[in-house]
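Biologist: Got a minute to walk me through the charged pairs in this one? Put it up first, please.
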Amino acid sequence: MEPLGVTEDYVSLTEIAERTNRTLSAVDHWATGRRGPGDFPAPRVPRPRVSLYSWAEVTMWLVANGLAAMSPADIEIARICEVADAMLRARRLQNRLDEADREALNLAVA
């Protein structure tokens, strides 16, 4: 079995509301800029009905703006999930390259 990603990092506005003990309406107002300090993180996966946001980015935004009390452990877990997901996606994309392109990529980032 090959892990494809860390789904813990992708959350909907409903999940953000549940994790922060806020109403969906309050979180929606943050996301749309109708309330709050602005600059809410953009969705990582924009969709017409339910967009998905990075929990790590949202966590950092909440803490920076004093809108939610998060333990240092919760913040670190969110960041680790974000990084792990990015690494898994990068590995999966790299494996799609042919050998010559993979070698060129390795040389470019070395």
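Modeller: Here we go through salt bridges and one buried serine. The model is predicted, so to speak of local features we need pLDDT of at least 70, side-chain atom pairs count only at pLDDT 80 or more, and totals for chains, interfaces and linings use all residues. Residues are numbered from 1 along each chain as its sequence is written, and side-chain values use heavy atoms, with hydrogens and water left out.

Biologist: How many salt bridges does a search of the whole structure find?
Modeller: Five, where a salt bridge is a side-chain nitrogen of Lys or Arg within 4 Å of a carboxyl oxygen of Asp or Glu.

Biologist: Which residue forms a salt bridge with Arg89?
Modeller: Asp85, with the closest N and O atoms 2.9 Å apart. Both sit in helix H4 (residues 72–96), four residues apart, about one turn of the helix; helices are DSSP runs of H or I, at least four residues, strands runs of E, at least two, numbered from the N terminus.

Biologist: Is Asp85 buried or exposed?
Modeller: Buried, at 3% relative accessibility, while Arg89 is partly exposed at 30%. Buried means under 20% relative accessible area, exposed over 50%, partly exposed in between (1.4 Å probe, protein chains only).

Biologist: And what meets Asp28?
Modeller: Arg34, in a salt bridge at 2.5 Å, N to O.

Biologist: Switching topic: where is Ser54 found?
Modeller: In strand S2 (residues 53–54). Ser54 counts as buried because its relative accessibility is 1%. Leaving aside neighbours within four places in sequence, Ser54 contacts Asp9, Arg44 and Glu82 (heavy atoms within 4.5 Å).
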